[in-house]
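Visitor: Can you walk me through this one? I'd like to go chain by chain and then look at some odd spots.
Guide: Sure, let's put it up.

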Amino acid sequence: MRNVAILGVGMTHFGRLEDDDIIDILSSASIRAIDDAGIDSKEIQAIYVANMGAGIMNHQTAIASALADNIALLPAAADTIENGPASGASAIKNGVLAVASGYFDFVLVVGGEKMRGVSGWRATDFVATLTHPYAEYIYGVTLPGMAGMFANLYMEKYGYTQRHLAMVAIKNHRNGMLNPYAHVQMDITMEGILDSPHSVVNNSPVATPLNLFDCCPVTDGGAAVILCPEERVREFGKPIVRVAGFGQATDTHTLAERDDPTDLKAVTLACKQAYERAGITPQDISFAELHDAFTILEIAEAEHSGLFEKGEYKKALEAGEVEITGRLPINPSGGLKSRGHPVGATGVAQVVEATLQLRGEGGLRQIRNAEIGLTVNFGGFGNNVVALVLRRVS
Amino acid sequence: MKIKNKKAYKCINCGRVTYPKRVACLGCRGREFEEVQFTPECTLLTFSQIFQLPWGVNERFLTIGICQFDNGIKAMGRITTPDVKKGMRMKVHWQIFREMAGEDVWGWVFEPIPSSL
Amino acid sequence: MDLELEQILRPPEYDMPPYPAKVITLATGKLMVVRQIERREVPIILEAIKPTLKISRDFYDVVGSRLYSELLSWSRYRCRNAYAIIGQIDNILVGCVNGRMFSKRIGISLHTLAIERGLRIGAHLFAAKMEYHIEFLGQSEVWITAESPIGFRRWMIEYELIKQEGIQHELGGAESYKLTRELYFKHKPRLVVGTRPCPPELLEKAKSQIIIADEETINRQICGAKGAWVK
């Protein structure tokens, strides 16, 4: 199997894209990636579209076919990949396999979501459809509710407080201010979201113990990459960013049936596979884009991915180790918290960010010594996780 | 709507409990199960008071949690009050607790037992 | 002006105690001064509201146009027993709410307009209105209706407002709901915040000038600048 590299990346602004439908969003992200790669789009032989909600929220299905038509990529092969919030990384994984196998040379992977066209109630309901239909969904549970139940246990077990959650939010908002694509560009303070008595309104509860600023926003947006065999990157004069490894694992559908609901087994296993395939250990990782749909998840994923021991992330947060200027930057893009979470696009956006960092194109949020990046895309509520390792090849 | 969440099962081969029903046992992939009864009381493992609710739910908030029945089965359900703590003993109710698409929905509702408050 | 005619057109008003200003710390750490305005301050606020007349998203045009006419008519003494409360951050206008006394006992909540989004300004200012009616005007209930889904979610559900079957809110439109004194005090601890007194220098500064952004900035604050094809 041959090595696969990322030739081009692109993304739309994330936010409320009022006048754009799902195909507009996917098309824009795709064209940006194609232009960044510098290839003639007729070279693209296959397309993988990552999306979770077009059928439910936008009343449109078979969107990969629609996209192939809209940006004139016919007669390329085109598939939609739906893996809940991990659709993005799943689509990347499929694209990587397609190129690695030798079947295709140039593959477009694009993720996108149009979520703001429906009311908040409907968006909340849509996301909740990933829970178990008659053991969870019927109760009216929401993803924040699942995260709240998880946080309730995790925080007690490992000694985390609301202050630690707030530190994650503040860090990611600060990073998002440096990211021109981020949905939420707002510098928040501990005083404003926790210490002041007015924080009871500023940072009201969403699903205890999680508050407003512990939860990512509802976002429209798209992100795309062009994949190709590593040996062909030089033809385009681009730096080589290799998809060095990937891993994926599943866990029980219901949160109740996990042997230990605080144990994110799928994260641990997916990362382990990714490290093994990349021939590295967690200590080799320079930075990570983690799936902080809720602040507690950045903490839990950092610990379950082997980057930190269980319970130790708080020390790294307090010491500034995970800032952009720190030893191991986590979510330099602003994460889902600030960059936003168009569900199907997120996994691809994480890879876009990792690629920009590895190329040295991170702008004001560029980290030092970016050699090897990890992305973790958390599907379901931790029952389907895809991890990717990307490395810069000199 | 067929009620699919009323019964729990135990794998005849390895004894692992499954709720809700699945085709193959997560422990040994066996496909033969026997029914297991729920107990009238259980223990609250975790919960969340949820304020931003999905379409179709009109309350200001819901309290939802996961309980462990005295024979080991674990299940999610609604909780009658947000004034609960992990580890509390709960009385189990199997009841209609909402309507969806014009049909009654049956499920678990857990109520704290006063002596454990 | 024909003073005799003006006397007829300008009816007697209730003696309304003023709303004491307060200051709120927002999520960004910035301070928002929440204060009642005087009639002479209406013209500058109307300039800030004007851009919303062209924004159909979230019914800003409906709310904006009605708030505009209510403030204008109040400033010209053609709407009685009314008030307006604004939020300012570093003198910049970030939101405006208004209402009036329907009777000594019953208040009417009219409109809530947030110009800066994402900081719960609408929630804070709506709460200030309810605080004014119940705690300072001493009323028993406030009638409320919603023109947008965000408004409905914020108020009808958050405050557990009581639906009033068959009673028309003076804005027309959807059913009216009411907030009672009992409901207000029940929900006050988690919905109504602020520090009083507002530090005098902060209040004086806020009163000295209301700064409004230009139309393009206001548009961007409300709508965002983004589209899928924006570079």
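Guide: A word on domains before we start: their bounds come from an automatic or database domain assignment. Chain B is divided that way into domain 1 (1–37) and domain 2 (41–116). This is a predicted model, where local features need pLDDT of at least 70 and side-chain atom pairs count only at pLDDT 80 or more, while totals for chains, interfaces and linings use all residues. Residues are numbered from 1 along each chain as its sequence is written, with chains lettered from A and ligands numbered from 1 in the order in which they are written.

Visitor: How many Å separate the centres of the two domains of chain B?
Guide: 22 Å, taken over C-alpha atoms. Eight residues from domain 1 of chain B and eight residues from domain 2 of chain B take part in the contact; two residues are in contact if their C-beta atoms, placed from the backbone, lie within 7 Å.

Visitor: And which classes are on the domain 1 side?
Guide: On the side of domain 1 of chain B that touches domain 2 of chain B there are six nonpolar residues, one polar and one charged. Here Ala, Val, Leu, Ile, Met, Phe, Trp, Tyr, Cys and Pro count as nonpolar, Asp, Glu, Lys and Arg as charged, and the others, Gly among them, as polar.

Visitor: What does chain B do with chain A, contact-wise?
Guide: 28 residues of chain B are in contact with 29 residues of chain A. Strands E4 (41–50), E5 (62–69), E6 (74–79) and E8 (103–112) of chain B each give two or more residues to that side. Strands (E, at least two residues) and helices (H or I, at least four) are DSSP runs, numbered from the N terminus. By class, the chain B side has 15 nonpolar, nine polar and four charged residues.

Visitor: OK, chain A. What's its secondary structure?
Guide: 14 helices and eleven strands. Of the 394 residues in chain A, 66% are buried, where buried takes 20 or more other C-beta atoms within 10 Å of a residue's own, exposed 12 or fewer, and partly exposed in between, with C-beta atoms placed from the backbone.

Visitor: What about the radius of gyration of chain A?
Guide: Chain A has 19 Å, which agrees with the value near 21 Å for a compact globule of 394 residues. The radius is taken over C-alpha atoms, and the globule rule is 2.2 Å times the number of residues to the power 0.38.

Visitor: Which elements cover the buried residues of H7(A)?
Guide: Helices H8 (190–195), H11 (295–304), H12 (313–319) and H13 (335–339) of chain A are among them. The buried residues of H7(A) include A:Leu165, A:Val168, A:Ile170 and A:Lys171.

Visitor: Now the odd spots. Where is there a cis peptide bond?
Guide: One joins A:Leu74 and A:Pro75, with omega about 0°; A:Pro75 is in the loop between helix H3 (63–70) and strand E3 (77–81) of chain A. Another cis bond joins A:Thr208 and A:Pro209, omega again about 0°.

Visitor: Why point those out?
Guide: Because most peptide bonds are trans, and most residues other than glycine have a negative phi.

Visitor: So which residue has a phi near 55°?
Guide: A:Asn331, a positive value in a residue other than glycine. A:Asn331 is found in the loop between H12 and H13 of chain A.

Visitor: Is A:Asn331 buried or exposed?
Guide: Buried, because A:Asn331 has 28 C-beta neighbours inside 10 Å. In chain C, C:Asn91 has a positive phi of about 75°, but C:Asn91 is partly exposed, with 14 other C-beta atoms within 10 Å.
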